[in-house]
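Q: Please take a close look at one part of this structure, the open sheet, and describe how its strands are arranged and what packs on them.

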Amino acid sequence: MNLAVLASGSSGNALAVQYRGQMLFFDAGLSGKQHLLRLESSGLPGADPIGLFLSHEHGDHSRAAGILARKWEIPVFGTEGTIQGSKLIGKKLHGIEYFSNGDTVQIGHFTVQPWTISHDARDPSGFTVTAGGRKLGIATDMGVFSPLVQTMLQGCHGLVFEFNHDIDMLWNGSYPWPLKQRIASGEGHLSNDAAAEALASIVHGELRFCVAAHLSEENNTAELALKTAEQVSEGRFRVLAGKPYQALPFFEV
Ligand SMILES: [Zn+2]
Ligand SMILES: [Zn+2]
């Protein structure tokens, strides 16, 4: 199974997962044109797109869902809250597939498990994706690293994990007070320190990489996030930072 991180950050999020000629998309925060360009620049081997999963309705994850679904002629998967919040009902699509957090969704070669995350959205989801005996965890937009998330991320070979902000940069930064409180709340985003502590609790010998994801452009730097993640990895697995305006070269899970 291969992963391409097409965009990561508060300006837009999009992932593509590919295995044996099939491809799944996770989140749709990029325009149709950017999505295609970045798929190409990631080097991800070509494959048939078969579905788009949405984690929640916030614009940086859902704004291009209708466009991507029509362009690739694929169904959109989400919780009822996410689909409603993304204003997709009544739009011309190629099918809506509802799931509940806690379900197991079988699609093509992939098994996708959505689970609840704590975030200020209607019914948001984190995901684990399994194919060919490899397991990828996708967990961003979380105010807290709950015991459920910890359980679901056991045994992953690759992680896309939120390192949203540096706590000092957030509190000393220019954001208005209510926004600072929202980000730091239990339904906001994980700080670098919280993410590192969480990561330390799920590290195991088969973990190959962790993408530090959803970095705040105002309240974090790739250097800080990576430095914090490297304190956990100690060279045992690869850490890299997702980028908002550029795809990362794809890698094997
Ligand atoms: Zn987000
Ligand atoms: Zn969000």
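A: The account below follows the sheet from its strand order to its packing.

This is a predicted model, in which local features need pLDDT of at least 70, side-chain atom pairs count only at pLDDT 80 or more, and totals for chains, interfaces and linings use all residues. Residues are numbered from 1 along each chain as its sequence is written.

The open sheet is built from 7 strands in the order β6-β5-β4-β3-β2-β1-β14, with mixed pairing. Strands are DSSP runs (E, at least two residues), as helices are (H or I, at least four), numbered from the N terminus; two strands pair if DSSP finds at least two bridges between them. The edge strands, each pairing on one side only, are β6 (96-98) and β14 (251-252).

Strand β1 pairs with β2 in the antiparallel sense over 5 bridges, and Asn2 stands opposite Gln18 in β2. In the hairpin of β1 and β2, with 6 residues between the strands, Gly9 takes a positive phi near 145°. Strand β1 is also joined to β14 by 2 bridges, again antiparallel, with Leu3 opposite Phe251. Of the 6 residues of β1, 6 are buried (20 or more other C-beta atoms within 10 Å of a residue's own, C-beta atoms being placed from the backbone).

Strands β4 (residues 48-53) and β5 (residues 76-78) run parallel and are joined by 2 bridges; there Leu52 stands opposite Val76. Helix α3 (residues 65-72) packs on the sheet, touching β3 (22-26), β4 and β5, and its direction makes about 155° with that of β4. Touching here is contact between C-beta atoms within 7 Å, placed from the backbone; angles run from 0 to 180 degrees between N-to-C directions of axes fitted to C-alpha atoms, for helices over the stretch in contact.

How values were computed. Chains are lettered from A and ligands numbered from 1 in the order in which they are written. Two residues are in contact if their C-beta atoms, placed from the backbone, lie within 7 Å. A residue is buried if 20 or more other C-beta atoms lie within 10 Å of its own, exposed if 12 or fewer, and partly exposed in between; C-beta atoms are placed from the backbone.
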